[in-house]
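Biologist: I'd like to learn how to read a structure like a modeller does. Can we go through one together, feature by feature?

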Amino acid sequence: MRGHEEAVLLRIFVSESDRYEGRPLYQAIILEARNRGLAGATAFKGFLGYGVHSRIHSARFIRSEDLPVMVEVVDTQEKILFFLNVLKGMLAEGLATLERVEVIRSSPEAR
């Protein structure tokens with residue numbers, strides 16, 4: 001282990017069908033985070049959820065191409081807050097949350 005660091009976890013909740021400049025929104029968010037040098041980002045597809053309009057999105061229903069997607073981005077508070085300004089231009093609607101986290105980094109030589 002190399003130690004512990006404080007960071008911020010940004011979670012963005014969107015739909016699988018949401019688009020930004022012709023590509024899936026979740027993909028555009030991750031590529032933008034990478035282009036801006038943020039530490040890490042991952043997208044997770046949900047199998048059941050609902051959002052601001054209370055419409056159920058489920059893999060069991062016909063609208064299975066519109067499943068919920070959560071994107072997590074982690075980095076320093078300064079970088080995440082700056083990225084939020086970028087994100088505002090990408091989201092037509094959606095939800096984002098911030099959470100302080102403790103990052104534990106490991107390295108091969110620590111084993």
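Modeller: Sure. Let's begin with contact, which means heavy atoms within 4.5 Å. With that in hand, take Met90: leaving out residues up to four places away in sequence, Met90 touches Tyr20, Leu25, Ala28, Ile29 and Glu32. Keep in mind that this is a predicted model.

Biologist: Where does Met90 sit, and is Met90 buried or exposed?

Modeller: Met90 is in the loop between α2 and β8 (95–105). The cut-off for buried is under 20% relative accessible area, and Met90 counts as buried because its relative accessibility is 6%. Sequence distance can mislead you here: Met90 and Ile29 are 61 residues apart along the chain, yet their C-alpha atoms are 7.9 Å apart in space.

Biologist: Let me step back, then. How many helices and strands does the protein chain have?

Modeller: There are 2 helices and 8 strands. Read from the N terminus, the order is β-β-β-α-β-β-β-β-α-β. Of contacts between residues at least 6 apart in sequence, 74% join residues at least 24 apart. As for cover, buried residues make up 30% of the 111 residues.

Biologist: Now a helix. Why would its residues sort themselves onto sides?

Modeller: An α-helix has 3.6 residues a turn, so residues three or four places apart point the same way. Now look at α1, residues 25–35, where Leu25, Ala28, Ile29 and Ala33 are buried. Those four lie on the same side of α1 because they cover an arc of only 135 degrees around the axis. Arg34 and Asn35, on the other side of α1, are exposed.

Biologist: What happens just after α1?

Modeller: Gly37 comes there, with a positive phi of about 80 degrees. Compare Glu21, which has a positive phi near 50 degrees although Glu21 is a residue other than glycine. Glu21 lies in the loop between β2 and β3 (23–24), and it counts as exposed because its relative accessibility is 70%.

Biologist: And strands? What's the general idea there?

Modeller: In a regular strand the side chains alternate between the two faces of the sheet. For a case here, try β7, residues 68–75: this strand is mostly covered, with 6 of its 8 residues buried. β7 pairs with β4 (residues 40–45) in the antiparallel sense, over 6 bridges. To find the register by eye, look for Thr42, which stands opposite Glu72 in β7.

Biologist: Which residues touch the most other members of the largest nonpolar core?

Modeller: That core has 18 residues, and those touching the most other members are Leu10, Ile12, Ile29, Val73, Phe83, Leu87 and Met90. β1, α1, β7 and α2 (77–88) each supply at least two residues of the core, and α2 gives the most, with 5.

Biologist: Can you walk me through a couple of those residues?

Modeller: Start with Leu87 in helix α2. Leu87 is buried because its relative accessible area is 2%. Beyond its neighbours within four places in sequence, Leu87 is in contact with Leu10, Ile12 and Ile29. Next is Phe83: apart from neighbours within four places, Phe83 is in contact with Leu10, Ile29, Glu32, Ala33, Arg36, Leu38 and Val73.

Biologist: Let's turn to charged side chains. Is Glu16 buried or exposed?

Modeller: Glu16 counts as buried, because its relative accessibility is 16%. You'll find Glu16 in the loop between β1 (3–15) and β2 (19–20). Its side chain makes a polar contact of 2.9 Å with the side chain of Lys45.

Biologist: And what about Arg19: buried or exposed?

Modeller: Arg19, in strand β2, counts as exposed because its relative accessibility is 52%. Its side chain reaches the backbone oxygen of Gly22 at 2.9 Å. Leaving aside neighbours within four places in sequence, Arg19 is in contact with Pro24 and Leu25.

Biologist: One last thing: how much accessible surface does the protein chain have?

Modeller: The accessible surface comes to about 7700 Å², and 52% of it belongs to carbon and sulfur atoms.

Definitions and conventions. Residues numbered from 1 in each chain as written. Heavy atoms only, no water. Buried < 20%, exposed > 50% of the residue type's maximum accessible area, 1.4 Å probe, protein only. Pairing = 2+ DSSP bridges. Polar contact = N/O pair within 3.5 Å; in protein donor to acceptor, adjacent residues only side chain to side chain. Arc of directions from axis to C-beta. Core = buried A, V, L, I, M, F, W, Y, C linked by side-chain atoms within 4.5 Å. Areas by Shrake-Rupley, 256 points an atom, 1.4 Å probe, with all protein chains shown as cover.
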